Amino acid sequence: MEAESRIRVVIAKPGLDGHDRGVKIVARALRDAGMEVVYTGLHQTPEQIVRTAIQEDAAAVGLSVLSGAHMTLFAKVIELLAENDASDIVVFGGGIIPEEDMPELERMGVARVFTPGATTQEIVDWVRSAIPSRV
C-alpha cells in the first residue's frame with residue numbers, strides 16, 4: 001500500500017490513566033496492518049489530541065480510557081474537533097467502559113468502542129472498513 005493512500009490514525013491516552021500496554025498493542029497492530037499511526041503517549045489533554053490529529057491530517061482518533069473519565073474525555077475531543085472544523089475525523093476508542101454508557105457515547109458521535117476481549121484483528125478490520133484513506 002502506497003504511503004499516499006494509507007489510513008492515518010492518531011492513538012491517544014487522555015487524562016491521568018497511566019496504563020498503556022493495551023494502547024501500545026493496538027497501535028502496533030494498526031501499524032503492522034499498513035496504517036500510519038501516531039501514538040501521542042500518556043497523559044494527553046483533549047486539546048493536545050485534537051491539535052495532533054489536525055496537524056497529522058489524521059482520518060481517525062483512537063482513544064484509550066481506563067480511568068472512568070470516558071464520558072468527559074470522549075465528549076471533549078468530539079467538541080474540540082467540531083470547533084476546529086475537523087468533525088470528519090472519526091473518533092473510536094477502547095478501554096474499561098460500561099455497557100450502559102455505550103448508547104450515550106454513540107449519540108455523542110463515538111463511532112465504535114472496543115472493550116476488553118476485542119482482538120487486534122477485530123480492531124484492524126473495523127478501522128479498515130470504517131475509516132477512509134487520505135490521498
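Colleague: At roughly what angle do the axes of helix α1 and helix α5 cross?

Modeller: In this predicted model, α1 covers residues 21-32 and α5 covers residues 120-130. Their axes come within 10 Å of each other. The crossing angle is roughly 55°.

Colleague: Which class does that angle give, and what is the hand of the crossing?

Modeller: The angle between the α1 and α5 axes is roughly 55°. Therefore α1 is oblique to α5. As for the hand, the crossing of α1 past α5 is right-handed.

Colleague: How many nonpolar, polar and charged residues does the contact of α1 with α5 have?

Modeller: From α1, the residues in contact are Ile25, Val26, Ala29 and Leu30. They meet Thr120, Ile123, Val124 and Val127 of α5. By class, the contact of α1 with α5 counts seven nonpolar residues, one polar and no charged.

Colleague: Which strands are at the edges of the open sheet?

Modeller: The sheet has five strands with parallel pairing, in the order β2-β1-β3-β4-β5. An edge strand here pairs on one side only. The edges are β2 (36-39) and β5 (112-114).

Colleague: By how much are neighbouring strands of this sheet turned against each other on average?

Modeller: The open sheet is built from five strands in parallel pairing. With direction ignored, the average turn between neighbouring strands is 20°.

Colleague: Which residue of β3 is the bridge partner of Ala12?

Modeller: Strand β1 spans residues 8-12 and β3 spans residues 60-65. The two pair in the parallel sense over four bridges. In β3, Ala12 has as its bridge partner Leu63.

Colleague: Which residue in β2 stands opposite Val10?

Modeller: β1 and β2 run parallel and are joined by four bridges. Opposite Val10, in β2, stands Val38.

Colleague: How many of the residues of β1 are buried?

Modeller: In the strand order, β1 stands between β2 and β3. Helix α5 lies across β1, as well as across β4 and β5. β1 is mostly covered, and the number of buried residues is four of five.

Colleague: At about what angle does α5 run to β5?

Modeller: α5 lies across three strands, β1, β4 (90-95) and β5. Relative to β5, the helix runs at about 170°.

Colleague: Is His70 buried or exposed, and what is its relative accessible area?

Modeller: His70 lies in helix α3, residues 70-83. Leaving out residues up to four places away in sequence, His70 touches Val65, Ala75, Ile96, Ile97, Pro98, Asp101 and Leu105. The cut-off for buried is under 20% relative accessible area. His70 is therefore buried, at 5%.

Methods: Residues numbered from 1 in each chain as written. Predicted model: local features only at pLDDT ≥ 70, side-chain atom pairs only at ≥ 80, totals over all residues. Heavy atoms only, no water. Axes fitted to C-alpha atoms, helices over the stretch in contact; angles between N-to-C directions. Parallel < 35°, antiparallel > 145°, perpendicular 65-115°, else oblique. Left-handed = near helix turned anticlockwise from the far one by under 90°. Contact = heavy atoms within 4.5 Å. Nonpolar A, V, L, I, M, F, W, Y, C, P; charged D, E, K, R; others polar. Pairing = 2+ DSSP bridges. Buried < 20%, exposed > 50% of the residue type's maximum accessible area, 1.4 Å probe, protein only.
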